[in-house]
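Trainee: Got a minute? I'd like to go through this one with you, starting with the empty spaces inside.

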Amino acid sequence: MTRLKKLLGPTLPVACFALFSLLVLTGSRLGLSIWHSSRVSAVDGWWPILLQGIRVDLSTLCWLWGVPLLLTVLFSGEHVVGRWWRMMLRCWLTLGLGLLLFPELATPSFIEEFGFRPNRLFVEYLIYPKEVFSMLWQGHPFELIAGVSGSIVVLVFGWWISGRVTRDLNSLRWYWRPVFAVLVVALVILGGRSTLGHRGLNPALVAFSTDPLVNSLPLNSCYSVLFAIRQLKYEEDPGRFYGTLPSERVVTLMREQSGRYTRDFVDLEIPTLSRNMPSYQGNPKNLVIILEESLGARFVGALGGLPLTPNIDALRHEGWFFERLYATGTRSVRGIEAVISGFTPTPSRAVVKLDKSQSGFFTLAALLREYGYDTSFIYGGESHFDNMRSFFLGNGFSRILEQKDIENAAFVGSWGVSDEDLMQRANAEFIQLHREGKPFFSLVFSSSNHDPFEFPDGRIQLYEQPKATRNNAAKYADYAVGQFFKMARQAPYWKDTVFLVIADHESRVHGADLVPISRFHIPGLILGDGIKPRRDNRVVSQIDMGPTLLSLIGIPANYPMVGRDLTQTPDDWPGRAVMQYDKNFALMEGNQVVILQPQQPAQGFLYDPVREQLAPMNQSDAFKERALSWPLWSYMAYQQRFHRLPTSSISPARLLGSQFVNTSP
């Protein structure tokens, strides 16, 4: 026994840490599964989660501690290098333990918010420590203190125990070192890949159900986050996930699904660039888009949600109200991408954050600036968040007004000034632009309805106690919208302006379906002088808003958006929506649905909007091909810069001249 211990001695520190980590990760996985036991039991997931979880954990441990194990075999001993390596090994073991357990500590809160283990979103939030720390301190102080304390305890414990297990670290005889080195390399590669197949271990290999949360439980959160970071460099080519089609076929399908005629497409270099004539033929109008943070349908009384939006509910009788409008994703940047650019989603990050779209990328602002419009982004927080400032300034927005530009704010919270301060500043800006005779387009982005849900006292009758809750913040956001339209109706720019109030996404998007479609349902309302009241029950998407708004404000234009102009789309059109939920993509036509998953066959469903449930249903190969064309087109359009305006030497503003002068007194 003593001989065996002496022979294996150099490997024992890493083995001890690996065994401890395996026990902790398994315990965490078991706890998360018990927490969501009803969903685990519904898919008979207990054994797959636990057994595949051990497989993922072993793979993670091989990649994390394979290198220090190899170096320990080669360099342990009482010589100078050995003593130096002993200290390095302690650091590696301690930091490795922290890397494993820190994401695991954050997992319950992340699941509560997003519906699965930490992934790319976790990384993206860490890029903005100031905003995230402020949000956590104001809204989740217990979780923040517990997380920081837990991390400190893990590091202190790791350092202490690593000192004990490396204290008597002995060395191997010289002839055993190459033997053990070869064994370690083989163990790390086989264990890390966890398969003899062409592809190594990945989340798709351990997915077994139609519930995204359950599919994420076999992973550990460290693996999930590191896998997401690794995938970032590929910018998530959908062809690697869902399958491929010839480029020509993708273009043909996208043109067909845009609802336009072949003769409408006018540029071979930009395959979806189409000629579009507006339904409104008067003097072109101003355009204001009010993008509401996290205001999903379940907060809107008029959409069957909680009675939190009396102002929007009342305003819907005065404008064009969309009863089945769906967001394209689960983040603000995804909503911006769809509403402002008309761009379709992919499993990659939104184009707001990608390199190739930081200039020369199509936006409504880029188009309208060519027509002589003043283009602005008005935000109550700091515009650098989520790379918004860079994207907007590079793509047609002439001015950005943010927190520092809103003076004498009545209330300032973690995410900036209150929504009513934002709306008052926007109204003042529009009045000034009208006085100067400038047509304008503005994106006004709210932030009060965001965790930690801070807003001024005395503005609303609270829906519940305590004050700082999601429901109360949603009600306050609606209050601010109501206050804005009271001001706007009295302002001189009212009759020359079309307004869109729309949510960027639903809050807390999660559920037991591959894509929880009900959590993509959002409100949308178009208002303005001359907009006829209408309740539209067609299935529509955020990507349809751009073409529709340009038509309503009277802009004839060539643009690459593939969304529909809903003013010129038949009322009996069943509709279409596209949704990206982590790595899963859904195309819904009417209530028929096809969902794409990584390395899995496309699946068909029927959606019941009343019960808000998906039921398996066979769908045609043609439908599945149409679904596949959407993410493939998005990737192609981004990589080959197809989503842009053509270079033109003639300004549309020169062609239309005096039409762009406001006529109201």
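Mentor: Sure. One term before we start: a cavity here is a set of grid points where a 1.4 Å probe fits but cannot get out, and its lining residues have an atom within 4 Å of a point. Also keep in mind that this is a predicted model.

Trainee: Okay, how many cavities of 30 Å³ or more does a search of the whole structure find?

Mentor: The search turns up three. The largest cavity holds about 190 Å³ of space.

Trainee: Which residues lie nearest the centre of the largest cavity?

Mentor: Those are Arg120, Leu121, Thr330, Arg331 and Arg334, out of 17 lining residues. The elements giving two or more residues to that lining are α6 (120-126), α16 (332-341) and β13 (576-581). α6 gives the most, with three residues.

Trainee: And how does the lining of the largest cavity split by class?

Mentor: You get five nonpolar, five polar and seven charged residues.

Trainee: Now pockets. What volume does the second largest pocket have?

Mentor: About 940 Å³. It has 40 lining residues, and Asn202, Pro203, Ala204, Tyr223 and Phe227 lie nearest the centre.

Trainee: Which element gives the most to the lining of the second largest pocket?

Mentor: That's α12, with eight residues. Going by class, the lining of this pocket has 19 nonpolar, 14 polar and seven charged residues.

Trainee: Let's switch to the sheet. What's the strand order?

Mentor: The order is β5-β4-β8-β2-β9-β10-β3-β11, an open sheet of eight strands with mixed pairing. β5 and β11 stand at the edges and have a single partner strand each, so one side of each has no neighbour in the sheet. On average, neighbouring strands of this sheet are turned by 15° against each other, ignoring direction.

Trainee: How do β9 and β10 run, parallel or antiparallel?

Mentor: Antiparallel, with five bridges joining β9 (residues 497-503) to β10 (residues 521-528). One bridge to look at pairs Ile502 with Gly524 in β10.

Trainee: Back to the edge strands. Leu401 sits in β5, so to speak on the rim; is Leu401 buried or exposed?

Mentor: Leu401 is buried, because its relative accessible area is 9% and the cut-off for buried is under 20%. Beyond its neighbours within four places in sequence, Leu401 is in contact with Phe377, Ile378, Tyr379, Arg425 and Glu429.

Trainee: What about Ser541 in β11?

Mentor: Ser541 counts as buried too, at 0% relative accessibility. Leaving out its neighbours within four places in sequence, Ser541 has contacts that include Leu325, Tyr326 and Arg576.

Trainee: New topic: backbone oddities. Where are the cis peptide bonds you'd point me to?

Mentor: One joins Asp451 and Pro452, with omega about 20°. Another runs from Gln465 to Pro466, with omega near 0°. Pro452 lies in the loop between β8 (440-445) and α20 (470-490), and Pro466 is found in the loop between β8 and α20 as well.

Trainee: Why flag those at all?

Mentor: Because most peptide bonds are trans, and most residues other than glycine have a negative phi. On the phi side, Ser194 has a positive value of about 60°, and Asn387 has a positive phi of about 65°.

Trainee: Where do Ser194 and Asn387 sit?

Mentor: Ser194 is in the loop between α9 and α10, and its relative accessible area of 19% makes it buried. Asn387 lies in the loop between β4 (374-379) and α18 (388-394), and is partly exposed at 23%.

Definitions and conventions:
Residues numbered from 1 in each chain as written. Predicted model: local features only at pLDDT ≥ 70, side-chain atom pairs only at ≥ 80, totals over all residues. Heavy atoms only, no water. Buried < 20%, exposed > 50% of the residue type's maximum accessible area, 1.4 Å probe, protein only. Contact = heavy atoms within 4.5 Å. 1 Å grid on protein atoms, 1.4 Å probe; cavity = no way out; pocket = protein on both sides within 12 Å on 5 of 7 lines; lining within 4 Å. Points joined across faces, edges and corners; volume = space filled by probe spheres on them. Helix = DSSP H or I, 4+ residues; strand = E, 2+ residues; numbered from the N terminus. Nonpolar A, V, L, I, M, F, W, Y, C, P; charged D, E, K, R; others polar. Pairing = 2+ DSSP bridges. Axes fitted to C-alpha atoms, helices over the stretch in contact; angles between N-to-C directions.
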